[in-house]
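Work through these exercises on charged side-chain pairs. Try each task before reading its solution.

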Amino acid sequence: MNREKEKLQAIIDVLPKKAVTELLYHAEFTKGRYDFIKGFTDKGVIATDYDGAYLRKLWEEAFANTISKSRKYDEIYFDQFLWHVFSYNDLSCKKGEEANAAFTEVKKEKCFVFYQNHNYGWLLESAEKIKVGYFKNEQDVYVVDSDFTWTYINTHESDLGPYFYKKPVRLENIISN
């Protein structure tokens, strides 16, 4: 670990002040993500790193596959925020305190957590203890069960969200079981 710190210090020593400030911002953000996940692992949740970009793609396929490409990208700005499918009412969901209550009640053995604008992502196992409060300071964070049947999102907008959406149960799934 000492070697990594020395290498980092050597980089900092040659950077201009503006670049050091930018590096500090990224280091503080990274530490915040570490502290966020440590809060889970301290409660017995098992956290495994996952590719956030890949999880965003899976989320889109699972929850926004019925919305046309033109609607997503030309009208609701889906490329900016996946949660626009809820704020533009393309999918009916629970909002605000109803979303928090639904998230509290839903079964959470395994779930993924990822961000809109960062490639951080994790698979959380033994996640039954996860509470709404863990996400209150997180912006544009998505929680989704491992089967992608429900999702909970806390946005950066104080007047939009949080959102909770659970896919409707399809009759053919009930009949085939």
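**Exercise 1: a pair between two helices**

Lys 72 and Glu 60 join their side chains in a salt bridge, with N and O 2.9 Å apart. A salt bridge here is a side-chain nitrogen of Lys or Arg within 4 Å of a carboxyl oxygen of Asp or Glu. The model is predicted: local features need pLDDT of at least 70, side-chain atom pairs count only at pLDDT 80 or more, and totals for chains, interfaces and linings use all residues. Residues are numbered from 1 along each chain as its sequence is written, and side-chain values use heavy atoms, leaving out hydrogens and water.

Task: state which helices hold Lys 72 and Glu 60.

Solution.
- Step 1. Lys 72 sits in helix H4 (residues 69-75) and Glu 60 in helix H3 (residues 52-63), so the pair ties together parts that are twelve residues apart in sequence.
- Step 2. Helices are DSSP runs of H or I with at least four residues; strands are runs of E with at least two; both are numbered from the N terminus.

**Exercise 2: exposure of that pair**

Task: classify Lys 72 and Glu 60 as buried, partly exposed or exposed.

Solution.
- Step 1. Set the cut-offs: buried is under 20% relative accessible area, exposed is over 50%, and partly exposed is in between (1.4 Å probe, protein chains only).
- Step 2. Lys 72 has 7%, so Lys 72 is buried.
- Step 3. Glu 60 has 21%, so Glu 60 is partly exposed.

**Exercise 3: surroundings of Lys 72**

Task: list what Lys 72 contacts, leaving aside neighbours within four places in sequence.

Solution.
- Step 1. Contact means heavy atoms within 4.5 Å.
- Step 2. Lys 72 is then in contact with Glu 60, Ala 64, Ile 67, Tyr 77 and Phe 78.
- Step 3. For Ala 53, 19 residues from Lys 72 along the chain, the C-alpha separation is 18 Å.

**Exercise 4: a pair inside one helix**

Task: describe the salt bridge of Asp 35 with Lys 31.

Solution.
- Step 1. The closest N and O atoms of Asp 35 and Lys 31 are 2.7 Å apart.
- Step 2. Both residues lie in helix H2 (residues 17-41), four residues apart, about one turn of the helix.
- Step 3. Asp 35 is partly exposed at 36%, and Lys 31 is partly exposed at 49%.

**Exercise 5: the wider set**

Task: how many salt bridges does a search of the whole structure find?

Solution.
- Step 1. The search finds nine.
- Step 2. One of them joins Lys 107 and Glu 109 at 3.1 Å, N to O.
- Step 3. Lys 107 is exposed at 59%, whereas Glu 109 is partly exposed at 42%.
- Step 4. Arg 71, Glu 75 and Asp 90 form a network of salt bridges.
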